[in-house]
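Visitor: I have not looked at this one before. Can you walk me through it?
Guide: Yes, here it is.

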Amino acid sequence: MENKIYDYVIIGTGIGGGTMVKLLAEKGKNIAIIEKGGDKHQDSNYLNKGLKLGLRTTTSIQLGGTSNLWHGVLSFLDPIDFKARSWIKKSGWPIQFEELVPFYRSISQLFGIKDFEYFFTENLPKELKDEIESIPFNREILDNKIFQQPLNVLNFKKIIQRLKSHKDISLFDNTTACRFEIENNKVKSLVIADSEGIKQIQGKKYILCAGTLENPRILLNSGIKNQNIGKYLMDHPMGNLCQVRFRKTQKAQLYSAKKYVPNIAIKSGLTFTTFLQEKEKLPNHCFYLRPSFSKGIDNKSERVKLSLLTFKDGKIKIKDILFVLRNINIALQILIYKLSYNATYKYADLFFVSEQTPNDKSFVKLSDTEVDEYGFPLAEVHWQVSEEDITSIEKCYHVLKEQGFSEEEYEFTHSFNDLDWANNFTSAAHHVGTCRMAENSTDGVVDKNLKSFDVDNLFICDGSVFPTGGNVNNGFTIAALAARLFDYLEIKK
Ligand SMILES: Cc1cc2nc3c(=O)[nH]c(=O)nc-3n(C[C@H](O)[C@H](O)[C@H](O)COP(=O)(O)OP(=O)(O)OC[C@H]3O[C@@H](n4cnc5c(N)ncnc54)[C@H](O)[C@@H]3O)c2cc1C
C-alpha cells in the first residue's frame, strides 16, 4: 500500500470523472486518478447477455473514456424528467430541474457554449425563431427542443494529459479499479491492478466514475449490499418511426443542423408537450424531422449510417463508405447533418430517440462464471426494453398522425408496421441507471448529493446515477451533476 493519502481518488476519466478532475485540480486538490485505459481505444470487457445494442461501439476504455467517441451534442433534461410521473414506475429525481440549471449554465463554458440562453426556444434570436416557426405542426402538443454542438468537440483525454504533470495530480493509467476495502461504512482503500500486480491506494474521499456498465461490478465486488446496485439499466432506444412528405417544399435548416456562429451548430428536435404527455401517459420522447431526398426509409441504409456514427473507434469499414458513395440520399443526409449544408427538402424521416422507462428486467450483474485477468468477476449486461416502451412508440405514431401533423400539410409515407420499430431500434450509446439517485436506500444507491447511502466517503458521478434518462444525449447532464458535486464538496462544505 502507498503511504500517501490523497484528498480524492477519482476512478475513470470520461465525462463524469474528467469534469471532476478538472474542477478539483483547479482548486489545488491532491488527486489520484485511476484509469483502466491508456492513450488508445480498447473495447470494454463486459459480457453482453441482453439485447444487441445495434451500434458497433458504445463505450471506450481509454483516457477520456467515451468522450473520445462522442459528438459533443448538448442539451439539458426537461423539467418533467425530474418529476415523479404517476404513469411511469420509479420516475422522479431527488432534485428538480431548477436546481441543476445553474450548473448546466456554469459548465457549458467548458464545452465551448457561447449562448447558454439559446437552449431555451423563447430566447433564440429572431432569425432562428422564424426558421423554427416556418415548419407547420400542432404547437399545442409539440414543443421544440434545442441542441447545441460546439464543433471543436471536447475530449477529456487532452485535459488529463495537460494536468498529469501537475505536482498534485497522480495519474495511474492502464490501471483497473477492482474493489473497495470497506471498514465501518467507510472506504479504507481502493484495490487497483496493473501489469505489475495488485496494490492499494488511499484517499479521504473516493469518486466512482467508471460508467454505467462498470460501476455495479466494482460496487458488487466490494461486497456493498444495496439491492439497487446494477438495477434499471436504461438507454435511449432510437430509430426511424416513419417518414412524412411535406405538401410544400421546406428549407428550415435548423431541423437538421445549422452553424449559427462559425464553431457551433444548433438544431431542433421535437418533444410532446407536458400537457400531451400527461393526457396520453407517454414518456418524454424526442424526435427529429430529418430532411430526406427520396421517398421511403430502408433499414439497411440506416444501419450503415449508424455504423458511420461510431467512426472514432477506428474500425470504419470500407464497404460502408462505398455504400454511402453509391447512395445519393444517404450521402446528402450525412452532408447536411455533418457540414450544415443548406438544402430544400420534401421529405423528413421521423427519427425517434425515445425515453426508456425503468425496468427491473434490465440490469447489470456479476458473472457467475467469468473473471478478468486479475480474478474479479466480470460484469454481465442485460439490456432489455419493455413491451410498454415499445407500445408507447406505436401510440406516438397515431398521436402524430391524428393530432400533430395536419393532412393539409403532411402525408405519412408509411404505416406504423412498415418500419418494424421493435426489431430495428438500436441503443443510442446513452447508458444510464444502475446506481440511481434517490431519496433513500430502498430506492437508490446514492442520495441527492451523489453520496453512497451505504459508504460514507464514497460518491458516484457519471451516467449511472440517472433515475430516469429523459430523451437527450446525457453528457451535458453528467457534467452538470459533476459541477454540482464539486459545489457540494468544495464550495458549500
Ligand atoms: C459514438 C458516440 C457518440 C456520442 N455522442 C454524444 C453526444 O453527442 N452528446 C452526448 O451528450 N453524449 C454522446 N454520447 C454518449 C456519451 O459519450 C456518454 O454518455 C458519456 O461519455 C458517458 O460518460 P461517463 O462518465 O458516464 O462514462 P465514460 O465516458 O464511459 O467514462 C468511464 C471511464 O471509466 C474508465 N473505466 C471503466 N472501468 C474502469 C475500471 N474498472 N477502473 C478504472 N477505470 C475504469 C473508462 O476507461 C472511462 O475513462 C455518445 C456516445 C457514443 C459512443
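**The three-stranded sheet**

Guide: This is a predicted model. One open sheet has 3 strands in the order β3-β15-β14, and the pairing is mixed.

Visitor: Which are the edge strands there?
Guide: They are β3, at residues 47–48, and β14, at 363–371; each of these pairs on one side only.

Visitor: And how many bridges join β3 to β15?
Guide: There are 2 bridges between β3 and β15, which covers residues 377–382, and these strands run parallel.

Visitor: What is the bridge partner of Leu47 in β15?
Guide: Leu47 is partnered with Glu380.

Visitor: Different topic. How is the protein chain divided into domains?
Guide: Domain 1 takes 1–112 + 152–235 + 359–383 + 429–493, and domain 2 takes 122–148 + 238–353 + 386–424. Their C-alpha centres are 31 Å apart.

Visitor: How many residues does each domain give to the contact?
Guide: Domain 1 gives 22 residues and domain 2 gives 23. On the domain 1 side, the residues that touch domain 2 comprise 8 nonpolar, 11 polar and 3 charged.

Visitor: Now the ligand. Which residues come nearest?
Guide: Gly12, Gly14, Gly65, Asn473 and Gly475 do, out of 42 residues around the ligand.

Visitor: Which elements give two or more residues to that shell?
Guide: Those are α1 (15–26), β6 (176–183) and α13 (475–491).

Visitor: What is the shell like by class?
Guide: Around the ligand there are 23 polar residues, 15 nonpolar and 4 charged.

Note on methods: Residues are numbered from 1 along each chain as its sequence is written. This is a predicted model: local features need pLDDT of at least 70, side-chain atom pairs count only at pLDDT 80 or more; totals for chains, interfaces and linings use all residues. Domain bounds come from an automatic or database domain assignment. Two residues are in contact if their C-beta atoms, placed from the backbone, lie within 7 Å. Ala, Val, Leu, Ile, Met, Phe, Trp, Tyr, Cys and Pro count as nonpolar, Asp, Glu, Lys and Arg as charged, and the others, Gly among them, as polar. Two strands pair if DSSP finds at least two bridges between them. Helices (H or I, at least four residues) and strands (E, at least two) are DSSP runs, numbered from the N terminus. A residue is near a molecule or strand if its C-beta atom, placed from the backbone, lies within 6 Å of it.
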